[in-house]
Amino acid sequence: MREICRDGRMPVGEINRTFSKLGNLWIPEVITFSGIKGLVFPIMSYKTIQQGEAAFVAAGIHGEEEFGSNAMAESLEVIKELGKIIPTILLPLLNPVGYATNWRYVGQREYSETGEGLSINDMEHNLPFGRIGSRARRKLASCREAYCCGEHLISLFHNYPPRITIDLHQDIKEEDGAYVYSHGKERENDKIASQLLEVIQRSGIPIKMSGATRWGEKIKKGFVEFVNDSSIDDLLAAEAIIHKGVRKRGPNARTALAFELPGKLDFRKGVNVYRNLIYGLYEILREERETKQ
Ligand SMILES: [Zn+2]
């Protein structure tokens with residue numbers, strides 16, 4: 001099987017090479033390796049040496065959604081600056097095999113819209129049922145990549161408790177506008193979510209004011225109605241997690257956002273919108289730091 005690089009997206013190797021230039025204030029880590037029929041890639045994570053309440057920036061969970069990973073790679077200089085103002089975790093391409101093959105999920109034998117849908121985003125095995133239960137929503141991880149990703153994130157929570165997390169997606173069926181899943185405490189009142197939606201709007205993409213996502217979740221003024229979707233974002237915002245069968249205090253990120261851009265956007269346009277969003281995040285956190293000082 002060969003990597004396809006249609007629509008201008010960078011090859012996986014080039015994305016990895018780009019982040020290898022982050023410099024000596026950052027530590028690269030391999031979450032695991034992922035492969036299919038002769039294509040094997042590391043799933044990479046990068047953390048600043050500086051520890052503390054952190055910003056997490058993730059992309060490339062769904063293989064056919066290429067804007068986020070390319071925008072992160074093209075924003076290296078801004079990201080380096082971000083790492084100087086707040087401890088930062090980067091997860092620039094979480095499903096490299098899917099990205100290289102333009103397939104949504106990992107663990108598929110062939111492309112399918114409706115197949116098993118195993119995803120590195122499946123965090124049910126680390127999330128509890130209900131407010132006091134000590135049983136996970138699912139006993140075992142859906143796939144090896146999801147297991148390794150959960151373990152990696154949990155290993156970071158002690159030294160890098162997530163304060164704000166951003167996850168870049170695109171809804172390939174959506175034509176009207178952009179919207180956000182807000183998992184943090186403030187849900188649809190999250191100020192940073194509104195500020196970043198404004199950045200998207202200023203970049204020329206309308207915000208979806210009503211209607212529903214392709215999965216049927218209702219949208220109001222750009223915000224998806226709250227759902228426990230057992231995603232990585234859900235895990236980052238969770239008050240409690242399940243780890244190795246034990247209920248523990250969760251990372252409880254104050255702001256945990258998954259953005260969706262309309263999927264049919266031109267490649268360059270989509271990447272530029274997410275570049276603006278990354279810059280917007282940097283500006284918000286820089287201002288926040290300046291007011292604190
Ligand atoms: Zn997605």
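R187 is partly exposed, because 15 other C-beta atoms lie within 10 Å, and a residue needs 20 or more to count as buried. You'll find R187 in the loop between strand 6 (179–182) and helix 6 (191–202). Its backbone is a bit of a curiosity: phi of R187 is near 45 degrees, a positive value in a residue other than glycine. Keep in mind that all of this comes from a predicted model.

N252 tells a similar kind of story. This residue is not a glycine either, yet its phi is positive, at about 60 degrees. N252 sits in the loop between strand 10 (246–249) and strand 11 (255–262). It counts as partly exposed, with 18 C-beta neighbours inside 10 Å. Here are the two loop residues side by side.

| Residue | Phi | C-beta neighbours within 10 Å |
|---|---|---|
| R187 | near 45 degrees | 15 |
| N252 | about 60 degrees | 18 |

Now for the strands. How many residues of strand 3 (residues 54–59) are buried? The count is 6 of its 6. Both faces are covered: A54, F56 and A58 are buried on one side, and A55, V57 and A59 are buried on the other.

Strand 3 also has partners. It runs parallel to strand 5 (residues 162–171), and 6 bridges join the two. One of the residues involved is A59, whose bridge partner in strand 5 is L168. Strand 3 runs parallel to strand 4 (residues 88–91) as well, this time with 4 bridges. There, A55 has T88 of strand 4 as its bridge partner.

T88 turns up again when you look at T48, a residue of strand 2 (residues 39–48). Leaving aside neighbours within four places in sequence, T48 is in contact with L25, W26, G83, P87 and T88. T48 is buried, with 22 other C-beta atoms within 10 Å. Try finding Y160 from here: T48 and Y160 are 112 residues apart in sequence, but their C-alpha atoms are 9.5 Å apart in space.

On to the nonpolar core. The largest one has 76 residues, and V180, L196, L257 and L277 touch the most other members. Which residues does V180 contact, leaving aside its neighbours within four places in sequence? They are A193, L197, G222, F223, V224, L257, A258 and F259. So L257, itself one of the core residues that touch the most other members, is also a contact of V180.

L277 comes up again with V199, which is in helix 6. Not counting residues up to four places away in sequence, V199 touches N276, L277 and G280. V199 counts as buried, with 20 C-beta neighbours inside 10 Å. Along the chain, V199 and I278 are 79 residues apart, while their C-alpha atoms are separated by 9.6 Å.

I278 belongs to helix 8, where it is among the residues that meet helix 2. Two packed helices are described by the angle between their axes and the distance between the axes. For helix 2 (residues 67–74) and helix 8 (residues 267–292), the axes come within 8 Å and cross at roughly 55 degrees. The two helices are therefore oblique to each other, and their crossing is right-handed. On the helix 2 side, the residues at this meeting are F67, G68, N70, A71, M72 and E74. Facing them in helix 8 are G270, V271, Y274, R275 and I278.

Methods. Residues are numbered from 1 along each chain as its sequence is written. This is a predicted model: local features need pLDDT of at least 70, side-chain atom pairs count only at pLDDT 80 or more; totals for chains, interfaces and linings use all residues. A residue is buried if 20 or more other C-beta atoms lie within 10 Å of its own, exposed if 12 or fewer, and partly exposed in between; C-beta atoms are placed from the backbone. Two strands pair if DSSP finds at least two bridges between them. A nonpolar core is a set of buried Ala, Val, Leu, Ile, Met, Phe, Trp, Tyr and Cys residues joined through C-beta atoms within 7 Å. Two residues are in contact if their C-beta atoms, placed from the backbone, lie within 7 Å. Axes are lines fitted to C-alpha atoms, for helices over the stretch in contact, and angles run from 0 to 180 degrees between N-to-C directions. Angles under 35 degrees count as roughly parallel, over 145 as roughly antiparallel, 65 to 115 as roughly perpendicular and the rest as oblique. A crossing is left-handed if the near helix is turned anticlockwise from the far one by less than a right angle, and right-handed if clockwise.
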